[in-house]
Amino acid sequence: MTTKTPTDTTVLNSYNPSTGQLVGSVPVTPVSQIEDIIAKANAALPAWQAMTPQQRADILKPAGKVLADRAEELGKLLSLEQGKPLAEGIGEVSGCASRMDWENDEVASAVQPEILKSDGIESTIHYDGYGVCAAITPWNFPLLMPHWTIIPALIAGNTVISKPSEQTPLIADEYVKILNQFLPDGVLQIVHGEDDQGKALVAGDIHLIAFTGSKNAGQHIMAAAANGLKRLILELGSKDPMIVLQGADLDKAAKFGVNNAIRNCGQVCVSTERFYVQDSIKAEFISKLAEEFKNFPVGDCNDEAATVGPMVMREQKDHVVAQIQDAITKGAKVILGNEPMDGNFISPTILDNCNHSMDIMTVETFGPVICIATVKDADEAVALANDTEYGLGAVVYGEETIARKAANQLTAGMIGVNKGIGGATGTPWVGARHSGFSYHKGPMGHRQFCQVRVVSINAE
Ligand code: NAD
């Protein structure tokens, strides 16, 4: 098994995390060229900002059809370099394609000027692009994350420089090429490389940084952005809790919990990483989790029976294995899993008797582990769920009145009651505390890509 071992610094190689085989390569962008790339993005701004948001949205719409037509081929590439099952790779591409028309219209509508009148004054609130936006994205949804960031940034009137993860450059490169079939020159460019390229971009003559990734990188970016007071959208890591109380529909809770902890091999920012389960129902809940667990066999992305792929890289697997080991040493009990596996594959695991002395209950895992702690009631569950620096998503299953009360006491950006965190159309994707700074999605989120400008006149 080989993992990523770059030997040629002019080339960024992308390896299949299941086999270690080379999937393809892109040229690394020399750091010395980044200034020129930024200058080109600044030069493209006036013509791009002279268009209306709807014109910009319409220019991009045909890219949706190209993505749809090529969903199978692109989904295969995505799965080969990221590791997720082929159906999920194709689903990621076709999902972005299918939303392109109405989401573009939603962004355009959110950033239209608004008029307010009172006391003989008429004010127009304009939502202008900031300027050049660096869209820096991670590997776990290697097409969806660039898409979520680049589309609203462009329609809002920014020019964009994409810096995709060094783990998954190939699918991001294809995506940018597709959008560029329809965009004027210089409006969207791509920079390939590791964090040196990201740092050079952040330090350059740009105006907005839309970053999705780890808390540590987000903190570095925030510090760097202080020089020039660059605007920031940071979508960071988490340690999402799930509370399961007496009165919950345990079948539904177990189905949701296992899927949300294990899909994409646990490499989802809103994966359920901590379970707080009321003592009176814990035994029954665990037996239902164990039953549900059988639906998640591990395998290569081309193995149709497999619903869980490998971890994206060896370092990620080592981190998860070390957390499991630390938990066992401190008293956690293995209910299922924790079998040795080759290469980047890891055995999904259920651990009981977890507590907050363990790294696995406090530090982001980003792996397929269900960690259960016992609580006596909702108050104890809420206190433990809030005992974290993070706050992206949280979920409560229980009798509805009690579950709603607990939900209203949780410090998180997105909370599901007897369901996952997904909100109605138009709700933002937002993190609290160290999980985020600003946010995106929905009309409120689209406006985060804009400078607000108010022009007022006497209206009498
Ligand atoms: P990462 O922070 O290591 O890297 C993300 C991107 O930032 C990469 O393109 C990387 O090259 C670049 N980068 C790293 N350091 C940088 C720096 N100092 N300056 C500029 N660019 C820099 O994250 P990752 O390992 O790719 O992704 C996993 C993380 O992403 C997890 O913590 C996960 O929770 C988080 N995530 C959050 C959300 C969300 O919506 N909140 C969504 C997906 C992933």
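## Working through the cores, domains and sheets

The largest nonpolar core has 114 residues, and Leu179 and Ile370 have the most contacts inside it. A nonpolar core here is a set of buried Ala, Val, Leu, Ile, Met, Phe, Trp, Tyr and Cys residues joined through side-chain atoms within 4.5 Å. Buried means under 20% relative accessible area, exposed over 50%, and partly exposed in between (1.4 Å probe, protein chains only).

Some ground rules before the exercises. You're looking at a predicted model: local features need pLDDT of at least 70, side-chain atom pairs count only at pLDDT 80 or more, and totals for chains, interfaces and linings use all residues. Residues are numbered from 1 along each chain as its sequence is written, and side-chain values use heavy atoms, with hydrogens and water left out.

**Exercise 1.** Find which helix gives the most to the largest core, and work out where that core lies.

*Solution.*
- Start with the helix: α7 (residues 144–155) gives the most, with 8 residues. Helices (H or I, at least four residues) and strands (E, at least two) are DSSP runs, numbered from the N terminus.
- Next, the domains. Domain 1 (2–237 + 435–458) and domain 2 (240–425) both supply residues, so the core lies between them. These bounds come from an automatic or database domain assignment.
- Now pick out Leu179. Skipping neighbours within four places in sequence, Leu179 is in contact (heavy atoms within 4.5 Å) with Leu60, Ala63, Met100, Ile150, Ile151 and Leu188.
- Apart from this core lies another, of 21 residues, including Ala41, Val132, Ile136 and Ala225.

**Exercise 2.** Describe how domain 1 and domain 2 meet.

*Solution.*
- The C-alpha centres of the two domains lie 30 Å apart.
- Across the boundary, 23 residues of domain 1 are in contact with 27 residues of domain 2.
- The buried area between them is about 2,100 Å², and carbon and sulfur atoms give 58% of it. Buried area is the accessible area (1.4 Å probe) that two parts lose on being put together, summed over both.
- On the domain 1 side, look at Pro17, Trp139 and Ser435: they lose the most area to domain 2, together 24% of what that side buries.

**Exercise 3.** Work out the strand order of the sheet of 6 strands, then place helices α8 and α10.

*Solution.*
- The sheet is open, ordered β7-β6-β5-β8-β9-β17, with mixed pairing. Two strands pair if DSSP finds at least two bridges between them.
- At the edges sit β7 (188–190) and β17, each pairing on one side only.
- Inside, 5 bridges join β8 (residues 208–212) to β9 (residues 231–235), and these strands run parallel. Ile209 has Leu232 of β9 as its bridge partner.
- Helix α10 (residues 215–225) packs on the sheet, touching β5 (132–136), β8, β9 and β17, and its direction makes about 175 degrees with that of β9.
- Helix α8 (residues 169–180) lies across β6 (159–163) and β7, at about 160 degrees to β7. Axes are lines fitted to C-alpha atoms, for helices over the stretch in contact, and angles run from 0 to 180 degrees between N-to-C directions.

**Exercise 4.** Which phi values do Asn353 and Arg433 have?

*Solution.*
- For the background, most residues other than glycine have a negative phi.
- Asn353 has a positive phi, near 60 degrees. Asn353 sits in the loop between β13 (349–352) and β14 (369–375), and is partly exposed at 37% relative accessible area.
- Arg433 has a positive phi too, near 45 degrees. Its loop runs between β16 (414–417) and β17 (436–437), and Arg433 is partly exposed at 34%.
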